[in-house]
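I opened a new model today and wanted to see how protein and DNA meet in it. These are my notes.

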2 protein chains.
Amino acid sequence: MTDPTTLEFAILGLLSLAPSTGYDLMHIFETTAIGNYSSSPGAIYPALGRLEKRGLIEGVVDDSQALRPKKVFRPTADGAKTLRRWLRSGITKNDVQRRLDELLLKFAFHSLLDAEATRDFLSGLAKATDEYLADLRVQRKIFSDDEPPHGRMAFEFGIDRYRACARWARRTLRHFEESS
Amino acid sequence: MTDPTTLEFAILGLLSLAPSTGYDLMHIFETTAIGNYSSSPGAIYPALGRLEKRGLIEGVVDDSQALRPKKVFRPTADGAKTLRRWLRSGITKNDVQRRLDELLLKFAFHSLLDAEATRDFLSGLAKATDEYLADLRVQRKIFSDDEPPHGRMAFEFGIDRYRACARWARRTLRHFEESS
DNA sequence: TCGCACATGTAACGTGTTACATGATTCA
DNA sequence: TGAATCATGTAACACGTTACATGTGCGA
């Protein structure tokens with residue numbers, strides 16, 4: 001089995017915080033910052049179906065008071081395990097480069113784990129980001145001075161972004177070290 | 001007609017800098033920072049086909065010295081116009097929120113335009129980013145102090161990121177104002 | 001002769017986007 | 001009566017990913 005997608009992990013995480021219907025999830029995605037992982041009924045309902053088919057979540061139909069019968073989903077034991085494994089999985093340079101948003105999603109759900117896991121996550125993120133920054137600084141040298149500066153400047157933006165990431169990781173790590 | 005995709009604009013931009021074959025483009029995507037817009041032959045060759053069918057690029061087969069005949073693409077007049085229109089198009093809060101990478105790609109190709117267009121782009125980016133930051137600061141208030149702090153901290157990361165964006169835009173704008 | 005650099009593509013697959021379809025209840 | 005909210009879903013479509021297929025010439 002391949003890993004669930006980012007959207008599926010987002011759903012699995014939200015269901016771990018509180019059992020919800022597809023409609024609830026849509027509302028959360030529409031109104032909160034997590035909405036960057038989209039979406040719309042056309043993505044959420046199929047994703048719920050896939051997760052249920054794989055046995056990571058289970059839905060119970062609630063016919064009691066609703067206008068229309070609704071299906072309340074919650075993670076199964078297997079789903080909870082899959083989520084935890086994902087939350088603890090190591091961070092590579094490649095993750096930082098291509099999936100930074102997914103890493104932040106992961107962090108947001110770290111409240112489901114203990115403080116040690118959070119610290120491991122943050123120090124891993126800081127380290128992987130530093131590695132990637134070292135690569136970027138090497139690559140920066142290829143820009144020559146007689147070309148138009150736009151490419152280099154766009155590149156500098158990338159560097160700024162990852163510097164901000166490393167700083168955030170270290171600042172947040174300090175926070176978790178102080179409060180423990 | 002809908003707009004070309006980000007990958008198609010990236011290809012159109014690269015071809016505007018220098019006529020290239022699919023293989024050349026693959027190599028550029030693999031080895032330079034632009035590679036974040038992927039890719040692999042399975043994405044690039046179909047994208048070249050779509051652009052050609054839409055009349056935005058044209059390819060000439062070069063059979064002269066190559067090991068295997070190669071097809072060198074360059075933008076048509078229509079393609080150049082489409083690219084320029086895209087480069088000059090206004091920046092919204094929504095672009096900043098969901099397509100920041102695409103905006104940076106756009107900026108990288110601004111060497112094809114004049115300095116005034118670049119300044120417009122950067123001031124537009126700074127303004128749209130400020131607007132989005134104002135939204136984020138409102139949203140930040142919904143996090144309460146008794147919840148686990150992870151969600152709020154992930155959110156702070158987002159704010160840091162867009163602050164870095166606004167700073168970059170203003171710094172780069174100053175650069176272009178001084179050198180003119 | 002083996003593998004690498006050059007060079008172009010296709011096929012299967014999964015997934016997200018957009019738009020649509022359905023239907024009950026509450027409130028102005 | 002009509003709109004909004006609650007609530008679930010499907011269908012068409014386009015796109016990217018991965019993996020595969022094909023073929024030449026050059027250097028070790």
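I count a polar contact when two N or O atoms lie within 3.5 Å of each other. The model is predicted.

**Entry 1: DNA strand C**

I looked up the protein residues around DNA strand C and found 21. The nearest include A:Ser40, A:Arg68 and B:Tyr23. By class, I noted eight nonpolar, eight polar and five charged residues on this surface. Which elements each supply at least two residues here? From chain A it is helix 3 (41-53); from chain B, helix 2 (22-31), helix 3 (41-53) and strand 2 (70-75).

Then I checked contacts. A:Arg50 places a polar side-chain atom 3.3 Å from a phosphate oxygen of strand C. B:Lys71 uses a backbone N or O atom, 2.9 Å from a phosphate oxygen. B:Arg68 has a polar side-chain atom 2.7 Å from a base nitrogen. Of the strand C atoms within 4 Å of the protein, 56% belong to sugar or phosphate, and the rest to bases.

**Entry 2: DNA strand D**

I turned to DNA strand D, which has 22 residues around it. Among the closest are A:Tyr23, A:Lys71 and B:Ser40. Sugar and phosphate make up 56% of the strand D atoms that come within 4 Å of the protein.

What does the side chain of B:Arg50 reach with an N or O atom? I found a phosphate oxygen of strand D at 3.3 Å. For A:Arg68, a side-chain N or O atom is 2.7 Å from a base nitrogen of strand D. For B:Arg68, a polar side-chain atom lies 2.9 Å from a base oxygen of strand D.

I closed with the classes: nine nonpolar, eight polar and five charged residues form the surface near strand D.

Definitions and conventions:
Residues are numbered from 1 along each chain as its sequence is written. Chains are lettered from A and ligands numbered from 1 in the order in which they are written. This is a predicted model: local features need pLDDT of at least 70, side-chain atom pairs count only at pLDDT 80 or more; totals for chains, interfaces and linings use all residues. Side-chain values use heavy atoms; hydrogens and water are left out. A residue is near a molecule or strand if one of its heavy atoms lies within 4 Å of it. A polar contact is a pair of N or O atoms within 3.5 Å; within protein, one must be able to donate a hydrogen and the other to accept it, and residues adjacent in sequence count only if both atoms are side-chain atoms. Helices (H or I, at least four residues) and strands (E, at least two) are DSSP runs, numbered from the N terminus. Ala, Val, Leu, Ile, Met, Phe, Trp, Tyr, Cys and Pro count as nonpolar, Asp, Glu, Lys and Arg as charged, and the others, Gly among them, as polar.
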